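Please open the model in your viewer and keep the sequence panel beside it. The stops below say what to select next and what is there.

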Amino acid sequence: MNRLQRTLAKLDGLPSPLRGPARNFALRRAVPFTGTASLDFVALTPEHSEIRVANKRPVQNHIKGVHAAAMSLLAETATGMVVGMNVRDDCLPLCKSLQVNFRKRATGGLTAKAHLTDAQRASMASETKGEVRVAVTVTDEAGIEPIECEFVWAWVPKEKPQSQDLAGQTEARTRA
């Protein structure tokens, strides 16, 4: 269980009606832009995530639909959260690339669902660094997929290991 899973597990002791708002508060505080867009973290497990955004003024475009940037944020957050539920505590998740193709005009709010396979999760648990292509589907209130997305996430060690020579030089300088 990694840090994100442990943090969210602490909320499981709350009464059911408070869990969702508490999860939203904690995650929006950790990633402020998700709070700006008022993303709703519906479900987060190591296998999948489900996140929604309502079609409200702060995320609307000029035609009163969800803005392209908000759609991208929603998909990026869904993929990033499922990666975040699996990345080891000694590693840092990074969005390596994204591709978003806009297919149809969205109707109402949007829901993004992302998931990882067992093999992808096992790789993240066992390898110090790597990358994974995360599947995500974004649907609107009419059940249409207005965008198609592809996200590649990488994970790297939080701190770069120092080489033996560099470590020795630093130690020698410290003693001098």
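In which loop is Lys64 found? Select Lys64, and you will be in the loop between strand E2 (48–53) and H4, where helices (H or I, at least four residues) and strands (E, at least two) are DSSP runs, numbered from the N terminus. Although Lys64 is not a glycine, it has a positive phi of about 70 degrees, and at 55% relative accessibility Lys64 counts as exposed; buried means under 20% relative accessible area, exposed over 50%, and partly exposed in between, with a 1.4 Å probe and protein chains only.

Before the next stop, note that this is a predicted model, in which local features need pLDDT of at least 70 and side-chain atom pairs count only at pLDDT 80 or more, while totals for chains, interfaces and linings use all residues. Residues are numbered from 1 along each chain as its sequence is written, and side-chain values use heavy atoms, with hydrogens and water left out.

**The whole chain**

Zoom out to the full model, whose C-alpha atoms fill a box of roughly 65 × 40 × 35 Å along the principal axes. A cartoon view should show six helices and six strands, running from the N terminus as α-α-α-β-β-α-β-β-α-β-β-α. Of the 176 residues in the protein, 39% are buried. The protein exposes about 10,500 Å², of which carbon and sulfur atoms supply 53%; these accessible areas come from the Shrake-Rupley method with a 1.4 Å probe, and for residues only the protein chains shown count as cover. Among contacts (heavy atoms within 4.5 Å) between residues at least 6 apart in sequence, 68% join residues at least 24 apart.

**Ser38 and helix H2**

Go next to Ser38, in the loop between H3 and E1. Its phi is near 55 degrees, a positive value in a residue other than glycine, and Ser38 is partly exposed, with a relative accessible area of 41%.

From there, select residues 16–30, which form helix H2 and include Asn24. The 15 residues of H2 should span 21 Å at 1.5 Å a residue, and the end C-alpha atoms are 22 Å apart, which agrees; the expected span is 1.5 Å times one less than the number of residues. Colouring by accessibility should pick out Gly20, Ala22, Asn24 and Leu27 as the buried residues of H2, and these pack against helix H1 (3–9), helix H3 (32–36), strand E1 (40–44) and H4.

Stay with Asn24, which is buried at a relative accessible area of 9%. Leaving aside neighbours within four places in sequence, Asn24 is in contact with Leu39, Asp40 and Phe41. Its side chain makes a polar contact with the side chain of Asp40 at 3.0 Å; a polar contact is a pair of N or O atoms within 3.5 Å, where within protein one must be able to donate a hydrogen and the other to accept it, and residues adjacent in sequence count only if both atoms are side-chain atoms.

**Helix H4 and the core**

Now select the largest nonpolar core, a set of buried Ala, Val, Leu, Ile, Met, Phe, Trp, Tyr and Cys residues joined through side-chain atoms within 4.5 Å. Of its 41 residues, Leu39, Leu74, Leu110, Val134, Val136, Val138 and Cys149 touch the most other members. Helix H4 (residues 68–84) gives the most to this core, with nine residues. H4 is mostly covered, since 14 of its 17 residues are buried, and the helix reaches 24 Å from its first C-alpha to its last, close to the 24 Å expected. Centre on Val136 and, not counting residues up to four places away in sequence, you will find Ala75, Ala78, Thr79, Ala112, Lys113, Ala114, Cys149 and Phe151 touching it.

**Strand E6 and the cysteines**

Which strand holds Glu148? Glu148 lies in strand E6 (residues 147–157) and is partly exposed, with a relative accessible area of 39%. Beyond its neighbours within four places in sequence, Glu148 is in contact with Gln99, Val100, Asn101 and Arg103, and its side chain makes a polar contact with that of Arg103 at 3.1 Å.

Finish with the cysteine sulfurs: a disulfide is a pair of them within 2.5 Å, and by this rule the count comes to zero. Cys91 is in no disulfide, its nearest cysteine sulfur being that of Cys95, 17 Å away; Cys91 is buried, with a relative accessible area of 2%. The sulfur of Cys149 is 11 Å from the closest cysteine sulfur, in Cys95, which is too far for a bond, and Cys149 is buried, with a relative accessible area of 16%.
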